[in-house]
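Here is a short tour of a protein structure, written for a first-year student. Keep the 3D view open as you read.

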Amino acid sequence: MAYEALDFYDVDSLLSEEERMVRDMVRDWVDEEVIPNIENACRDGVFPDEWRVSLGEMGVLGAPLKGYGCPGLSYAAYGVICRELERGDSGLRSFASVQGSLAMYPIWDFGSKEQKNHYLPKMASGEWIGCFGLTEPDYGSNPGDMITKAEDKGDHYLINGAKMWITNGTIAEVAVVWAKLDGVIRGFIVEKNDPGFSAPEMKGKHSLKASVTSELVFQDCKIPKNRILPGVKGLRGPFSCLNNARFGISWGALGSAQACFDSAKEYAMSRIQFNHPIASYQLVQNKLAWMLREITKGQLLAYHLAQKKDAGTWIPEHISLAKMNNVDIALEIARVARDIHGANGILDEYPIMRHMANLESVKTYEGTHDIHNLIIGRHITGIQAFTRDA
Amino acid sequence: MNIAVLLKQVPDTTAKIIIAGEGVDENSVSKWSMSPYDEYALESGLRMKENNGGVLIAITCGPDRSKKMLTDAAAVGADTLVYISDEGVMDSTHVQQLLAAAIRKYEADVVLCGKQAADTNAGSTGPGVAEILEATCVTLVSEVSYTDGNYITMRPSNAGSEKVSTQGTSVFAFDKGSTELRRPNVRGIMMAKKKIIESITPSDLGVHLGDSNVHLDSQTPPPEKAAGQKFEGSEHVSTVVSKLRNEANVI
């Protein structure tokens with residue numbers, strides 16, 4: 001069955017014609033190239049290289065960035081791209097989020113002119129893959145206490161430490177790495193072949209199986225002095241990147257939710273039990289109605305957030321709310337969709353289990369669900385509840 | 001070289017449609033797309049332009065919603081977008097008269113179109129337009145190239161396939177070929193947004209459409225699909241195998 005995107009309130013009619021054309025371009029590509037191949041990619045645990053090439057050719061990487069060969073689209077268009085990619089798979093959207101919001105964005109915002117000219121055009125075209133090194137084995141929600149450090153050795157920097165859970169790490173040409181220089185967090189551009197740098201892949205994931213997840217290891221990693229990002233100091237650097245990536249996730253999760261809804265609706269209409277389609281029973285209709293309700297609310301949230309992002313009237317707490325809510329409902333929709341599919345829901349003939357397992361990661365990465373609650377709690381009360389030590 | 005490509009917007013082949021009265025209820029169509037054979041004509045036109053230089057003129061005649069398809073054509077490389085407003089119900093001959101007039105107005109050297117539209121499947125546009133233009137027409141074309149004043153086309157024949165060359169103004173009606181269609185990209189979409197659609201009316205083209213000579217007398221919906229056959233038990237295996245082999249022709 002052809003995919004019918006649920007849009008109960010015609011929210012997409014609020015998009016510009018250009019944004020809708022970008023949506024259709026990505027949606028058609030996902031239908032033709034991603035959906036038929038995603039289960040094999042997951043089984044093999046690989047991110048198909050053809051997808052990198054196509055994303056570059058379509059010109060969607062680093063969507064909202066302007067200049068240096070970047071697309072220069074609106075944040076609404078960026079959101080729509082994430083939604084359509086994640087309708088295919090969260091691992092695919094993760095690739096695009098990391099490339100655009102976590103690797104290209106810091107170079108675009110905090111890099112020198114030379115760095116921008118050198119890296120951004122090749123990253124926008126997909127020729128060079130980027131990754132983002134912030135999380136460490138012992139520092140996830142609390143990146144400020146990271147151990148990785150950089151030392152100024154006169155004519156070069158020396159980096160030591162380790163990063164973990166790094167999407168695209170092993171396949172990346174360019175890593176944007178956050179490390180402490182004299183106790184202050186700074187961004188550094190590390191290249192694949194820099195001495196003392198390695199990026200072994202983490203294996204054994206039951207989630208985001210078509211996405212490459214790696215460790216980044218720095219053992220006396222030596223990089224030239226011109227690889228520091230001059231424009232930012234402290235946690236503001238990585239957090240600005242995360243704001244953009246989280247914005248994309250708030251749209252992306254809706255893509256997974258819509259895929260699960262679409263499959264559950266089709267299944268319920270055609271599955272006969274007790275002589276009638278299960279869609280004719282009240283308990284099933286209640287589940288479908290709840291899914292539609294949550295997806296519609298999520299769409300309005302994401303759309304309005306995009307307007308605020310484009311107008312520059314947003315605060316990070318707005319993004320926290322949308323990321324937290326939309327991933328949460330998407331995961332719950334995937335679980336309810338599995339219920340509606342009965343035993344069939346566990347088969348890879350349907351996208352349900354894959355989306356569900358992916359969304360477990362999406363709920364945790366880019367600020368866990370609980371951390372986003374604490375961000376909003378701090379906004380309401382003015383009292384931070386992350387630590388008792390402050 | 002001026003390359004005209006004739007395009008028609010039709011309900012997407014994957015979209016659900018509802019039949020009401022004399023045809024499809026247009027309001028029920030969830031997605032409109034370029035007719036699939038027209039996509040091959042457009043792709044071949046773009047390749048001809050890339051190889052020989054020139055201007056690609058995308059022309060459509062239809063309701064206002066068709067303009068969106070012209071913008072889609074611009075996103076993959078169409079240079080000039082021409083929209084002819086349809087005025088009420090027109091038959092195929094009326095549409096051909098308007099398309100032929102637009103082709104003359106834009107001084108096209110060669111015309112590419114789909115062999116038939118995915119909605120009506122009439123298949124008369126290419127030959128009909130060629131007739132009015134007094135141009136050569138080749139149908140069921142899978143590919144076309146241009147060298148030294150000759151258009152070289154490939155089409156199926158009773159011997160397999162044949163290569164046909166034509167000179168002068170020619171109309172080529174495309175079948176689905178092995179040609180890979182290009183995808184739009186963000187840059188193309190952003191350029192397309194700036195392209196102006198030239199809207200013209202039948203009277204701008206100096207065409208006075210007379211009454212239609214074609215009248216729809218009646219129509220019949222396709223017959224309901226017959227129920228499938230059900231076999232239970234191992235004693236039916238040979239019957240099922242024989243039916244699959246001789247009736248369904250699948251084994």
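The report below covers aromatic rings, one whole chain and a few single residues.

**Ground rules**

This is a predicted model, where local features need pLDDT of at least 70, side-chain atom pairs count only at pLDDT 80 or more, and totals for chains, interfaces and linings use all residues. Residues are numbered from 1 along each chain as its sequence is written, chains are lettered from A and ligands numbered from 1 in the order in which they are written, and side-chain values use heavy atoms, with hydrogens and water left out.

**Aromatic rings**

A pair of aromatic rings is described by the distance of the centres and the angle of the planes. Here, rings of Phe, Tyr and Trp (its six-membered ring) pair if their centres lie within 6.5 Å. Planes under 30 degrees apart count as stacked, over 60 as edge-to-face and the rest as tilted. How many aromatic pairs does a search of the whole structure find? The search gives 15 over all chains.

One of them joins A:Tyr267 and A:Tyr350. Their ring centres are 5.7 Å apart and their planes stand at 90 degrees, so this pair is edge-to-face. The pair links distant parts of the chain, 83 residues apart. A:Tyr267 is in helix H7 (residues 236–270) of chain A. A:Tyr350 is in the loop between helix H9 (316–340) and helix H10 (352–364) of chain A. Helices (H or I, at least four residues) and strands (E, at least two) are DSSP runs, numbered from the N terminus. Both A:Tyr267 and A:Tyr350 are buried. Buried means under 20% relative accessible area, exposed means over 50%, and partly exposed lies in between (1.4 Å probe, protein chains only).

Now turn to chain B. The rings of B:Tyr146 and B:Tyr151 have centres 4.8 Å apart and planes at 45 degrees, so this pair is tilted. B:Tyr146 is partly exposed, at 26% relative accessible area. B:Tyr151 is buried, at 4%.

Back in chain A, ring pairs link A:Phe47, A:Trp51 and A:Phe95 into a cluster.

Rings can also have a charge over them. The test is that NZ of Lys or CZ of Arg is within 6 Å of the ring centre and within 35 degrees of the ring normal. The charged end of A:Lys122 sits over the ring of A:Trp128, 5.3 Å from its centre. The charged end of A:Lys225 sits over the ring of A:Tyr157, 5.3 Å from its centre.

**Chain B as a whole**

Which elements build chain B? Chain B has six helices and 14 strands. Its C-alpha trace spans about 70 × 45 × 40 Å along the principal axes. Of its 251 residues, 37% are buried. A contact means heavy atoms within 4.5 Å. Take the contacts in chain B between residues at least 6 apart in sequence: 69% of these join residues at least 24 apart.

**Single residues**

Four residues are set side by side here.

| Residue | Place | Relative accessible area |
|---|---|---|
| A:Arg338 | helix H9 of chain A | 24%, partly exposed |
| A:Pro200 | loop between strand S8 (197–198) and strand S9 (213–224) of chain A | 35%, partly exposed |
| A:Leu208 | loop between S8 and S9 of chain A | 6%, buried |
| B:Leu140 | strand S9 (residues 136–141) of chain B | 30%, partly exposed |

Start with A:Arg338. A:Arg338 and A:His355 are 17 residues apart in sequence and 10 Å apart in space, C-alpha to C-alpha. Leaving out residues up to four places away in sequence, A:Arg338 touches several residues, among them A:Ala343, A:Ile352 and A:Met356.

Next comes A:Pro200. A:Pro200 and A:Ser214 are 14 residues apart in sequence, with 5.6 Å between their C-alpha atoms. Where residues up to four places away are not counted, A:Pro200 touches A:Thr170, A:Ser214, A:Glu215 and A:Val217.

Two leucines have a backbone angle to check. Phi of A:Leu208 is near 50 degrees, a positive value in a residue other than glycine. B:Leu140 has a positive phi of about 55 degrees, although it is not a glycine.

Last is B:Leu181. B:Leu181 lies in the loop between strand S13 (170–174) and helix H5 (186–194) of chain B. B:Leu181 is partly exposed, at 30% relative accessible area. B:Leu181 and B:Ala41 are 140 residues apart in sequence and 10.0 Å apart in space, C-alpha to C-alpha. B:Leu181 touches B:Glu39, B:Tyr40 and B:Glu43, not counting residues up to four places away in sequence.
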